[in-house]
Every structure is written in structure tokens, then in C-alpha cells.
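Please open the model in your viewer and keep the selection panel at hand. The tour below goes from stop to stop, saying at each one what to select and what is there.

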Amino acid sequence: MTDRPMGFDTLAIHAGTAPDPATGARQVPIYQTTAYVFRDADHAAKLFNLQEVGYIYSRLNNPTVSALASRVCALEGGAGAIACSSGHAAQLMALFPIMQPGRNVVASTRLYGGTIQQFSNTIRKFGWSAKFVDFDDPKAIAAAIDDDTRAVFCETICNPGGAISDLDAIARVAAHAGVPLIVDNTTASPYLCRPIEHGATLVVHSATKYLTGNGTVTGGIVVDSGKFDWSASKKFPSLSEPEPAYHGLVFHPTLGNMAFTFHSIAIGLRDLGMTMNPQGAHYTLMGIETLSLRMQRHVENAQTVAEWLEQDPRIEAVTYPGLKSSPYHNLAKMITPKGAGALFTFRVKGGYEACVKLIDNVKLFSHVANLGDTRSLIIHSASTTHRQLSPEAQVQAGAAPDMVRVSIGIENVADIIADLNQALEKATA
Ligand SMILES: *Cc1c(COP(=O)(O)O)cnc(C)c1O
């Protein structure tokens, strides 16, 4: 190997892994172990003091799980990363080092339904709260940020409608306010967009989706850019001041651009315990090896299906940002130049009834609450993932009652279209 920086496709296969030092195994072994034998008492003490990096206990750290975190870190261009048990766990882990009771996060109205739920109700149990605003309007974001705001949160390609966030503009607002921008990059994957290059501080993933790619794992990742100055203000005492949860260690000055990552492992994973298991990490590592190839086919198929739907008289509208008719078309060229993802919604003439009939008649598509699978997936968001939202919030989130959401898979595109065609025939008969 040479010193020249390696391309994305190469990193997807090699980053974070080397032949196993013990056996030479070429694939990353599944280190199915809970604990690790210390060399001696001094070694153990150094590990617990974070003076030496190594393995203590698999709730904190495991070689297979670390390999996955390092690989995604390389793909996102970050300084450090942690893997955890789900996308929702990743979101809590991203907020944990920077939030305190009474603090808030300013979040986009266009988020995964489960995230809106987590941010609206569950985080209140920690004394945190969220303020939801329209992220198409940077002025609205700036206006919502107050003295207690500790983060700004959005998705790259917004679930379910496929709207694209203007990450550069949003990052400028966050930077001006001195708070980190957290970007959920699940629906784009680092192949389509690397939010850190657009100014994001932290990137979160549901590894359950495109990273694993075939609907076999529940997992999450947090990547830290290492670029945020946690000590520039008094807003982030867990990182910039003595941390009582870790015998008074001052993380930021001591650990520099790895402060957030070490805090997340030493305290977040230790005390919240939302750890990824080695078997899950193994499946996700396998998935990432083919991420580029899959994403290329996902976006190619999505573009073809969206164009076909748009010209079909049974369809009212299609939201895919790859279409010239989309208000996000130009933004997509800047934020996701290799393709606008494979997630979008379309409105069926005949409303709610027709949507339900369509879903009941698809054969190749699977009716599931998931996205980012090799298989094409379909769901009626208003009656499932977004059903706990008010009708107004459903429309705001891009999940109106006459809308169907699809996650276009990597099957033969003619087969995908044929399935939608026959189901639409029955739905609109
Ligand atoms: C699925 C998803 C999540 C939650 O991830 P889990 O792995 O299901 O916990 C968060 N954000 C987005 C955009 C998602 O699609």
C-alpha cells in the first residue's frame, strides 16, 4: 500500500480492519467475548485511566464492533466513532455528552417519525426538550436557537418525503450560534453525502438501513468530526470541565479531537449500555463492503421508477428530488450529487382508500416499516410510522393520508415497475 489517500470504494472494504493478528484470518473475526484478560495490574489501571487504549469489557468496546466504528468513521471522514445498538440509541448517544437538564435541541420538522416521537416525549424524561422548525428556512432555525440550545438536528435526505436539507446553510446557522450540527445521514449513506464536508459536527446513522443493506441487523453509529471546539464556551461542561462521572477527567483539553468519542465510550456506553453486539457488527461490516455498488443501483432504480410514476395518470404527484419538478432538485445536485437517494413518496389519485388497496396488492414490494433494504419496500406512513402524529404534523412531515412511501431496492427495475403497475391497476379500478 502507498501513502496516497484511498478512494471510498477501497475504504468501504478495508478501513478499520487488517488481517487478524492472532490467526491471520482475512475477514474480521466475530470476537464473541465479554471480557479481556489484562496483562497485569498496571495494564488494567492504565486502561481504566484512559492512559492506554485497549479492551476491558464488551459493553464499552469490542474488536469487531470497533472495526465497524473505524470503518464508518473513515467513510464519513470523521475523527472518531462509536457503534451502538440502534439508530435511536445513536441519537441519544450523540446528544448525551452535550445535553443537560433544561437544555434543548432545535430539530427539523422533517424527521423519521420515530425520531419526532423520541424528541417530543421520551427525551423529556432526561429534562431535555426539542423545538421543531422548518429547516428549509435558516432564519427560522436561527430564531429558534436560544441560550439553552445545545444542538441543531436534521436529516440529509428527509424521511419520508425525500426532501434535501441545505446542510451548508444549516451548518452556518449552528456555527454562528456556537452549537454543533448533528446530521442523521441514514437515508443518504456516506456514499451519497458526507455531512462533515458540509459543516456537520456529528453524524448519526441507523446502521439498520443502507449500511447493513439487507434488513438483517439493528444498529447505530455516531461519528464525530473532531472539529468542534467544546471549550470555546461554557455550554458543554461534560467535555470542557472536570467530569464527575469519570473521576474529574477534563475530556476536551486532555483528549483533544477524540474527547467526544472517549466520553461516549467511557461514560455513554458504560452507563447507558446501548452497545452493539459483535455479530451485528459483523453483518454490518459485510454490508458496507458493497455499499457503493448497492447505492449506485438504488439511485439508478429510484430515478427510473420516479420518472415512470410521474408520467402515470393514476399518480397525483411524486416527491423524488431527482426529478426536475422537485423543489429540492437543485439542492440535491449540491448535497447528493451522485443521486438523490432511493426513498420518496407519491400521492395516488383516490386518496387514502387507493393507497391502502395499492399496498394490499403489491407482490414484489414488501409492506414493512423499514427502508434501505436490497428489496423494494412500501408503506403507508400516515397509518403506520407517522400514525401517532396529528394530521397537521403528518402533512408537515411529508406523510399525508394519500401518500405512499417507497424505498426502492436493487432488483431488476422493470420488475419493480411491473409490480407497481399491476397494483395501481387494482387500486384505481
Ligand atoms: C430507522 C431510522 C432511525 C432509527 O433507527 P433504528 O435503527 O430503527 O433505531 C433513525 N433515523 C432514520 C432516518 C431512520 O430511517
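Because this is a predicted model, please read every value below as computed from its coordinates. Begin by selecting helix α8, which covers residues 189-192 and includes Ser189. With the backbone of Ser189 displayed, look at the phi angle, which is positive at about 70° although Ser189 is not a glycine.

A second residue of this kind can be selected next, namely Leu50, whose phi is near 60° and thus positive in a residue other than glycine. To find Leu50 in its setting, show the loop between α2 (41-48) and α3, where Leu50 lies.

Stay with α3 and add α12 to the selection, that is, residues 63-76 for the former and residues 278-289 for the latter. The axes of these two helices come within 8 Å and cross at roughly 35°, and the crossing in which α3 passes α12 is left-handed. If you now display side chains, the α3 side of the contact consists of Thr64, Val65, Ala67, Leu68, Arg71, Val72 and Leu75, while α12 contributes Pro278, Ala281, His282, Thr284, Leu285, Ile288 and Glu289. Coloured by class, the contact of α3 with α12 shows nine nonpolar, three polar and two charged residues.

For another helix pair, select α13 (residues 291-310) together with α17 (residues 413-427), which pack at an angle of about 30° with their axes 10 Å apart. The crossing of α13 and α17 is right-handed. On the α13 side, pick out Asn301, Thr304, Val305, Trp308 and Leu309, which meet Val413, Ile416, Ile417, Leu420, Asn421 and Leu424 of α17. What classes of residue make up the contact of α13 with α17? The residues divide into eight nonpolar and three polar, with no charged residue in the contact.

Before turning to the ligand, make a short stop at Asn159 and Pro160, which are joined by a cis peptide bond with omega at about 0°. Pro160 belongs to the loop between β5 (157-158) and β6 (163-164), so named here for your selection.

Now centre the view on the ligand, which is surrounded by 15 residues, the closest being Gly87, Asp184, Ser206, Thr208 and Lys209. Helix α4 (residues 87-95) supplies three residues, the largest share of the shell around the ligand. By class, this shell holds two nonpolar, 10 polar and three charged residues.

Three distances to oxygen atoms of the ligand are worth displaying. At Gly87, a backbone N or O atom lies 2.8 Å from a ligand oxygen; at Thr208, a polar side-chain atom lies 2.6 Å from an oxygen atom of the ligand; and at Lys209, an N or O atom in the side chain is 2.7 Å from a ligand oxygen. As a last step, show the surface: the ligand taken alone exposes 380 Å², and the protein buries 92% of that.

Terms used:
Residues are numbered from 1 along each chain as its sequence is written. This is a predicted model: local features need pLDDT of at least 70, side-chain atom pairs count only at pLDDT 80 or more; totals for chains, interfaces and linings use all residues. Side-chain values use heavy atoms; hydrogens and water are left out. A residue is near a molecule or strand if one of its heavy atoms lies within 4 Å of it. A polar contact is a pair of N or O atoms within 3.5 Å; within protein, one must be able to donate a hydrogen and the other to accept it, and residues adjacent in sequence count only if both atoms are side-chain atoms. Accessible areas come from the Shrake-Rupley method with a 1.4 Å probe; for residues, only the protein chains shown count as cover. Helices (H or I, at least four residues) and strands (E, at least two) are DSSP runs, numbered from the N terminus. Ala, Val, Leu, Ile, Met, Phe, Trp, Tyr, Cys and Pro count as nonpolar, Asp, Glu, Lys and Arg as charged, and the others, Gly among them, as polar. Axes are lines fitted to C-alpha atoms, for helices over the stretch in contact, and angles run from 0 to 180 degrees between N-to-C directions. A crossing is left-handed if the near helix is turned anticlockwise from the far one by less than a right angle, and right-handed if clockwise. Contact means heavy atoms within 4.5 Å.
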